[in-house]
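Biologist: I'm new to this one. Could you walk me through how its side chains pack?

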Amino acid sequence: MLSGYWIFAPEVLIVAGAFIALFGDLLPGRDRTAAYVGAAVAALAAVLAAAGGTAGPMVFGQVEPDEIARFARTGIAALTALWALWVAGRGMPDERRRDAVALAMFAAGGGMLLTMAEDLIVMYIALELSTMPAYVLMGYRRRDVPGLEGALKYFLLAMLTSIIMLYGMSFLYGISGSTSFAELALEGSGMLGVLGVMLTLVGLFAKMSAAPFHYWAPDAYAGAPAVSVAFVSTVPKIAGIAVMARLLHAVAGDVGGLVTIMAVVAAASMLLGNLAALPQSDLRRLMAYSGVAHTGYLFMALAPDTSAGYGAAVFYTVAYAVPSMAIMLVAAEEGSDLTDLGKLASRRPLAAWSMVVWLVSLIGIPPLAGFFGKLYLFGSALSAGLVWLVVLGVLTSVVSAGYYFRVVREMFFGDEPAGIAALEPAPTASLALAIAAIATVAIGVGASPLLAALGVALG
Amino acid sequence: MAYVALIPLLPAIAFAVLTPLSREMRNRVRWLGLVSVGGALALSLAAFAAVWPGGQEGEATYRASVPIAQVGGVDLNLGILLDPIAAIMLLVITVVGMCVQVYSLGYMHRDERVGWYFAVLSLFTAAMLALVLADNFLMLYMAWEVMGLCSYLLIGFWHEQEAPRKASQKAFLTTRVGDVGFAIGLALMYATVGSFEYDAVFAGVGQWAPGVATAVALLLLIGAMGKSAQVPLHVWLPDAMAGPTPASALIHAATMVAAGVYLVARALPIFEASGVALTITMIVGVTTALVGGVIAAVQHDIKKVLAYSTISQLGYMFVAIGAGGAIAGMFHLVTHAFFKSLLFLGAGVIIHAAHTQDMREMGGLSKHLPWTTVTFGAGALALAGVAPFSGFWSKDEILYALYTGEHYVVLVLAAAAAFVTAFYVARLWFRVFTGPAQTEHLKEGHAEMIVPMVLLAVITAAIGFTAPGFSKFLGHAGHWPDPLIAGGSTAVALAGLALGWWAYGRRSVVLNTRSLKERAGYAYDALAKKLYFDLTYEYFIIRPYMWTAEHLYRFDQKVVDGAVNGAASAWNGLTAASARFDLAVIDGVVNGLAGSARAAGRTLRKIQVGRVQTYQRYILGAVVLLMVWIVVKGA
């Protein structure tokens with residue numbers, strides 16, 4: 001247990017690690033060392049976040065490191081460590097590693113702060129801090145025109161939704177006279193209160209790529225290097241869900257209609273994400289739409305304002321993020337087109353079988369992390385009476401099996417892509433992937449104690 | 001009666017439907033705006049019939065409201081109130097709006113963004129209709145601001161060109177000066193009464209602390225002066241003529257600029273409680289009427305003449321209200337809306353035919369544009385105040401109000417303004433329609449342009465006779481013109497026309513007024529420079545501001561950036577291992593973008609940029625849908 005301000009040690013470590021990575025030139029071994037240092041620091045931060053325990057409101061009530069935050073911070077730091085480890089092994093395409101690792105760690109620091117935010121201003125700043133580096137990561141190959149275009153689109157659309165969010169926050173402040181979540185007094189504020197909350201949520205909807213605010217994601221992902229997508233499509237989502245849980249918990253009692261807004265966005269995301277993913281032949285695009293769909297599942301649990309639902313959602317983001325990141329990392333090694341994965345099973349049986357584990361987890365088959373995650377999501381929505389949403393969720397899950405299995409089919413029965421050079425062995429990267437595969441199983445097996453801790457968090 | 005709420009909603013829906021469409025689709029379904037305004041017109045007629053025969057002042061035929069929010073324990077409502085004055089305004093807006101939309105089909109048919117033009121025009125109509133239907137000052141203010149936005153968008157419609165862009169900014173910023181006053185006035189009103197509703201505000205206006213009524217009234221007046229282009233906030237209106245002519249007809253002649261007059265008329269109890277505010281209103285009005293009139297007399301651009309004329313006529317309306325003749329002011333608002341929009345539409349045809357806006361390059365148009373000549377003539381005579389055209393009747397009522405109110409000095413000044421008005425009307429007429437033709441291939445406008453003008457001309461010719469009925473409808477005693485005033489004003493108008501004919505109508509002196517100008521010398525110079533208003537603002541506000549901004553920028557460049565750069569060079573030394581310290585990625589994005597521009601070529605870039613805008617439109621559309629849902633559910 002860390003007491004007092006020591007509880008923020010993981011964030012301080014992560015940011016410090018980012019600076020060390022940025023000036024990795026000065027370290028022996030240079031670029032690669034920078035990535036190793038980043039991975040080690042992030043791993044240490046994850047351990048500290050997990051062991052650090054929880055506390056009540058701190059810093060004048062602006063942040064609250066509670067159970068949800070603890071779980072999400074651990075997840076963010078651990079995934080960042082995993083990602084940095086892989087980068088240490090394989091590197092960034094055509095560019096140096098150290099800036100990428102530093103950017104990822106800045107984003108992770110912002111994300112970790114975001115999970116604790118108990119104040120509109122802190123939330124906004126943390127959100128920007130966690131997204132700003134992501135724009136750069138998405139356009140990381142500076143001579144790659146389509147990639148830069150995707151990044152620019154991401155930037156422009158994210159800015160638009162950020163502005164909408166600020167606009168909504170101004171209403172919330174205007175009504176309550178305070179920016180603190182605890183002091184948002186929206187009761188009886190009528191339409192204006194709902195409007196303010198809705199506009200504030202729009203910023204988060206977009207960052208979570210929920211339909212119909214997801215337009216940036218497929219274009220930006222398809223243009224960006226797969227390794228950047230691996231980070232940007234996963235880690236910020238954990239933070240986003242955590243802060244959404246906080247915000248909704250703070251306001252849902254006072255303003256009506258949020259259930260419907262969340263449920264409609266959830267339904268739209270599940271439908272659009274899963275259907276649009278079906279015809280994709282680019283793995284990045286496919287995973288972009290899969291991300292939209294998963295956001296839909298997550299929102300299903302956030303909709304009813306129950307502590308079980310919030311816990312389930314935060315748990316499932318991590319359960320989704322691990323396999324999703326790992327799949328993109330494999331795509332970064334093999335190529336992003338589905339045909340690039342042809343006969344992967346005969347070339348790299350271990351990688352192919354790990355892919356199977358991740359994909360199956362995303363579909364939601366026991367005993368993997370995804371199964372329990374979805375079980376709790378659907379369960380919490382069901383107990384809140386959102387039957388139609390659950391039915392839709394189950395049906396679209398079945399649809400999703402279609403496109404995930406296309407990947408599996410390609411790996412086992414597809415044609416070997418012509419003219420590929422044998423991949424250089426990179427033990428560190430393989431280690432990262434192995435950890436991801438084990439974690440996918442372990443989170444599934446250890447689901448109930450984790451959820452028991454989370455389920456009471458926001459009671 | 002709930003259909004009253006549909007009157008502003010129909011054009012708003014048209015806007016909501018048109019906006020998210022692609023440009024091609026929008027252009028194809030541009031008739032949607034027309035249909036919606038047509039629907040609003042039909043409903044306005046029904047509303048008018050429901051109010052008929054009127055006569056009850058301050059009594060509503062229909063009212064309804066929905067709460068939108070509760071702030072600090074007080075409900076904020078969106079409410080509509082249908083009373084005689086609102087019913088008349090509804091008709092004016094929808095009739096002129098309809099005429100302008102039909103006319104625009106012909107006038108704008110070759111513009112590639114015509115769909116967007118109709119969308120904004122519809123939004124404007126919706127806002128103006130909401131403004132006159134509002135039952136509280138907050139909603140009025142909201143509609144007021146939406147109109148300001150539409151005005152900005154339409155003035156800057158051809159934003160590829162420098163002048164419209166600048167004019168749109170000038171209009172927006174100048175009216176903003178007034179709006180700040182308006183907003184403070186509203187805040188003061190709310191602090192005093194705790195409500196924005198007309199009824200609640202007016203009920204206790206007698207018990208307000210001394211000075212509060214005056215303060216609120218004057219602050220509202222500042223808002224009205226900005227919107228209605230009263231001296232000294234009038235400078236934006238002539239520049240606003242850079243927008244499409246039919247938009248000028250609707251917004252900058254008939255409706256939006258009259259909103260200030262409407263505001264003062266609505267808030268009249270506050271002005272009456274103050275007393276001194278009424279006098280100030282009158283002084284502002286008469287000053288504007290004279291200043292606008294004399295500047296109009298030296299303008300060469302036909303639209304600028306009409307713009308200054310609008311300023312001057314709006315001043316007339318303020319004079320009327322200030323003198324206690326609110327009914328006369330409102331009647332002039334109505335007649336002016338019809339004849340001035342008619343004049344603008346006519347000017348549009350003239351500009352299309354002559355391919356210039358400079359009256360010195362026109363002449364002899366009457367032979368080639370028969371319809372325009374006749375309809376424009378009706379409008380011109382109305383503006384000059386010649387019986388039986390509408391302007392005569394309303395101007396007569398205003399002068400009569402001044403006469404019975406014993407404001408004799410103002411009466412003389414107003415008569416002087418009327419004289420100048422008649423003079424510049426004659427000047428315009430003889431320069432444009434008589435004399436030798438200076439351009440070839442003069443063509444009359446399309447049918448869809450002529451028909452609305454004919455309709456407006458008929459209204460202009462006939463509506464004056466409703467003067468007594470108008471007063472009765474609004475709950476006041478009506479009367480026919482007083483022989484003394486009517487005779488006097490006709491004499492003044494004819495004298496002005498005669499002077500105009502003498503200077504510009506006789507063949508011998510046409511195009512040669514130099515001797516006159518030389519003799520007038522300094523005075524002419526002052527007038528031609530628009531009495532130095534624009535120059536004063538330029539030298540004492542804009543230039544110092546730009547100077548300050550420039551120096552702050554330089555400070556930023558030198559000191560702040562210097563510090564940053566210095567730190568960067570320090571790092572350069574430190575990181576000797578690397579050739580230079582750069583934020584690789586940010587550089588990369590910038591360089592990459594430049595490379596992208598070079599490599600991708602024009603077409604590709606256009607598609608890509610367009611896509612982001614489409615996405616943004618989708619996102620905003622989704623937000624709006626959610627908002628609509630919240631409102632529908634809340635209501």
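Modeller: Sure, and bear in mind that this is a predicted model. Let's start with a rule: a charge sits over a ring if NZ of Lys or CZ of Arg is within 6 Å of the ring centre and within 35 degrees of the ring normal.

Biologist: Okay, so which residue lies over the face of Phe172(B)?

Modeller: The distance to the ring centre here is 4.5 Å, and the cut-off is 6 Å. The residue lying over that face is Arg176(B).

Biologist: What about Tyr316(B): which residue lies over its face?

Modeller: This one is at 5.5 Å from the ring centre. The residue is Lys395(B).

Biologist: Now the rings. Are Trp353(A) and Phe412(A) stacked, tilted or edge-to-face?

Modeller: Their ring centres are 5.1 Å apart. Planes over 60 degrees apart count as edge-to-face. Theirs are at 70 degrees, so the pair is edge-to-face.

Biologist: How many residues apart are those two in the chain?

Modeller: Trp353(A) belongs to helix H15 (residues 349–363) of chain A, while Phe412(A) belongs to helix H17 (residues 387–413) of chain A. The pair links distant parts of the chain, 59 residues apart.

Biologist: And is Trp353(A) buried or exposed?

Modeller: Its relative accessible area is 52%. Exposed means over 50%, so Trp353(A) is exposed.

Biologist: Last one: which helix gives the most to the largest nonpolar core?

Modeller: That core has 375 residues, and Phe137(B) is among those touching the most other members. The helix in question contributes 19 residues. It's helix H16 (residues 326–354) of chain B.

Terms used: Residues numbered from 1 in each chain as written. Chains lettered and ligands numbered in written order. Predicted model: local features only at pLDDT ≥ 70, side-chain atom pairs only at ≥ 80, totals over all residues. Heavy atoms only, no water. Core = buried A, V, L, I, M, F, W, Y, C linked by side-chain atoms within 4.5 Å. Buried < 20%, exposed > 50% of the residue type's maximum accessible area, 1.4 Å probe, protein only. Helix = DSSP H or I, 4+ residues; strand = E, 2+ residues; numbered from the N terminus. Phe/Tyr/Trp six-rings, centres within 6.5 Å; stacked < 30°, edge-to-face > 60°.
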